[in-house]
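Student: I have a structure open and a list of terms I don't trust yet. Can we test the words against the values?
Tutor: Good plan. Here is what we will work from.

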Amino acid sequence: MRPKLEKFVDSLPRLSVLEPKRKTKDGVHYEITMEQFRAKVHRDLPATTLWGYNGQFPGPMIEANRDEPVHVTWLNHLPSQHLLPVDLSIHGLNRLPIVRTVVHLHGIETKPDSDGHPEAWYTSGFQETGPVFSRKTFTYPNHQRGSLLWYHDHAMGITRLNVYAGLAGMYILRDKQEKVLNLPAGDYEIPLMITDRSFNADGSLFYPAGPEDPAPNLPHPSILPAFNGDTILVNGKAWPYLEVEPRKYRFRMLNASNTRSYQLQLDSDDSTFQQIGSDGGLLRKTVEMNTINFQPAERMDVIIDFSKAAGKSLTLKNNLGPDADPNDDTANIMQFRVNQPLKNKDKSKLPSSLSVIPSLKNNKVSVVRYLKLIGSEDEFGRPLLLLNNKHWHDPVTENPQLGTTEIWALTNTTNFSHPIHIHLIQFQVMDHQPFDLDQYNADGKIIFTGPPEAPAVNNRGWKDTIEVPAANITRVIAKFAPYSGEFVWHCHILEHEDYDMMRPYIVEDNADDKK
Ligand code: C2O
Ligand code: CU
Ligand code: CU
């Protein structure tokens, strides 16, 4: 394992915005290449071999404007050997090339052939392609609200390894409505991609090849049901610091970790998060948060006001709870040093009223689906997590009609949380209701142990990923539009998504049938 690393010795990398290759009347065109490269993650750790978009981790940032389509040709120039141990026993991977990639832009409304379907994978130079592969260039219409999206790998059965190797980047979609709010911008708007990793002493990435004490019949390598790294990276650096002025900053935060969720806090009495946005853009109103529950793939848009903290240092913490080991380094994320002179008077605003979000509860609901999150076992006795007891390859069971509104009642019968994500749409969280899991395990009956609870105040805007707590039914409501075809929904713990908590779903269009 790696040596102990001193915290807050590297400065936070600012993410560069990618220049388009060209602009035409049908939009902005980019070309992005997945490559292997080496980077220093910490001052005292030898360079790490990573995979990244354009040889960067995080990948280059794309800035898009509402209603201006973006086209990206995603090229794979990765080596033919994987950086990390690949379990070939799942999803028939032993019959497929090992290094396969496909890119999904998380949060985008786009057609299925640009959505990064897990079986639309391809190898280096498009030499081999998966059964659903159809195009080299993906189109993102951007006909949706301003928000922080992110792109990451989504290849069948190895998403956890491809993303862990570094295949993730941010995408900011801007709209005019947001501009008039006069939020902190330019140098004062900072994207933060928070991830966890582990490293070997030589600087290389560590990802376990299987359980520490494997049963003799177990495949090797063998997928694990969870992996938490012991090192927290922000924008690709371990525990960085950021020097700031005594003024307001806007932080666009993304949890791009495989399994880890965070309880974000600031270690200062007079500083809190003023949260203005979530996955699908601005909230209705600014909400003050002392602690932010941050699940994999969620985005939190917050303003921190450092104006009363001149001369101080603040730490962005991850509250591990009262029983945590005090030596657990993952209790720290990064540091803000309020040591810069104020360049200009802070004229940015922190409006209390932010945006209009019509409630979907007023829509006519066509279907209510009861969908179970289930723990079972595979033939080797390994944990196997399923949605509605179905495997990825089972026929489609969720098939909303284009333009209709549905309620999905996500029923978690396991004893841990799952961040559930649905492609194509943004949903609204209706409520969370606890039930008796022992009773359910005994006779399969759902007996509620309390009333439905409203979602947390920062989860009352548009969401595409939501924590479904253990022994709980979380109801989400969504309108399935504007595109028909095959998409996916899944748990965003990548170890679960790969095995086997992901399902295809089809948005059906009656007009298609008549053709
Ligand atoms: Cu961010 Cu289907 O995932
Ligand atoms: Cu997605
Ligand atoms: Cu899960």
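Tutor: Start with a cut-off: buried means under 20% relative accessible area. Keep in mind that this is a predicted model.

Student: Why is His 104 called buried?
Tutor: The relative accessible area of His 104 is 1%. The limit is under 20%. So His 104 counts as buried.

Student: What about His 421: buried or exposed?
Tutor: His 421 has 1% relative accessibility, so the label is buried again.

Student: What makes these two histidines a pair?
Tutor: His 104 (NE2) and His 421 (NE2) are the protein donors of the copper ion (ligand 2), lying 1.9 Å from it. A donor has to be an N, O or S atom within 2.8 Å of this metal. Both NE2 atoms pass, because 1.9 Å is within 2.8 Å. The pair links distant parts of the chain: His 104 sits in strand β6 (residues 103-106) and His 421 in strand β26 (residues 418-422), 317 residues apart.

Student: Which residues are the protein donors of the copper ion (ligand 3)?
Tutor: They are His 418 (ND1), Cys 491 (SG) and His 496 (ND1), at 2.0 to 2.1 Å. Along the chain, these donors follow the spacing H-x72-C-x4-H. Cys 491 and His 496 are both buried.

Student: Why is Gly 381 called partly exposed?
Tutor: Its relative accessible area is 40%. Buried needs under 20%, exposed needs over 50%, and partly exposed lies in between. So Gly 381 is partly exposed. Gly 381 lies in the loop between β23 (365-377) and β24 (383-387). Its C-alpha atom is 27 Å from that of Pro 296, and the two residues are 85 positions apart along the chain.

Student: Now the open sheet of five strands. What is its order?
Tutor: The order is β14-β22-β21-β16-β19, with mixed pairing.

Student: What makes β14 and β19 edge strands?
Tutor: Each has a single partner strand, so one side of each has no neighbour in the sheet. β14 covers 241-243 and β19 covers 292-294. The twist averages 20° from one strand to the next.

Student: How do you know that β14 and β22 pair?
Tutor: Pairing needs at least two bridges. β14 and β22 have three, and they run parallel. One bridge partner of this kind is Arg 337 in β22, which goes with Glu 243.

Student: Which way do β21 and β22 run?
Tutor: Antiparallel, joined by five bridges. β21 covers residues 313-318. Lys 317 has Asn 332 in β22 as its bridge partner. Strand β16 (residues 262-266) and β19 are also antiparallel, with three bridges. There, Gln 263 stands opposite Asn 293 in β19.

Student: Why is β22 called largely enclosed?
Tutor: Five of its six residues, 332-337, are buried, so the rest of the structure largely encloses β22.

Student: How do you know that the whole protein is as compact as a globular one?
Tutor: The radius of gyration is 22 Å, and the globule rule gives 24 Å for 515 residues. The two values are close, so the protein is as compact as a globular protein of that length. Five helices and 31 strands make up its secondary structure. Of the 515 residues, 59% count as buried. The C-alpha trace spans about 60 × 55 × 55 Å along its principal axes.

Conventions: Residues are numbered from 1 along each chain as its sequence is written. Chains are lettered from A and ligands numbered from 1 in the order in which they are written. This is a predicted model: local features need pLDDT of at least 70, side-chain atom pairs count only at pLDDT 80 or more; totals for chains, interfaces and linings use all residues. Side-chain values use heavy atoms; hydrogens and water are left out. Helices (H or I, at least four residues) and strands (E, at least two) are DSSP runs, numbered from the N terminus. Axes are lines fitted to C-alpha atoms, for helices over the stretch in contact, and angles run from 0 to 180 degrees between N-to-C directions. Donors are N, O and S atoms within 2.8 Å of the metal (3.2 Å for Na, K and Ca); water is not among the atoms, so sites may look incomplete. Buried means under 20% relative accessible area, exposed over 50%, partly exposed in between (1.4 Å probe, protein chains only). The radius of gyration is taken over C-alpha atoms; the globule rule is 2.2 Å times the number of residues to the power 0.38.
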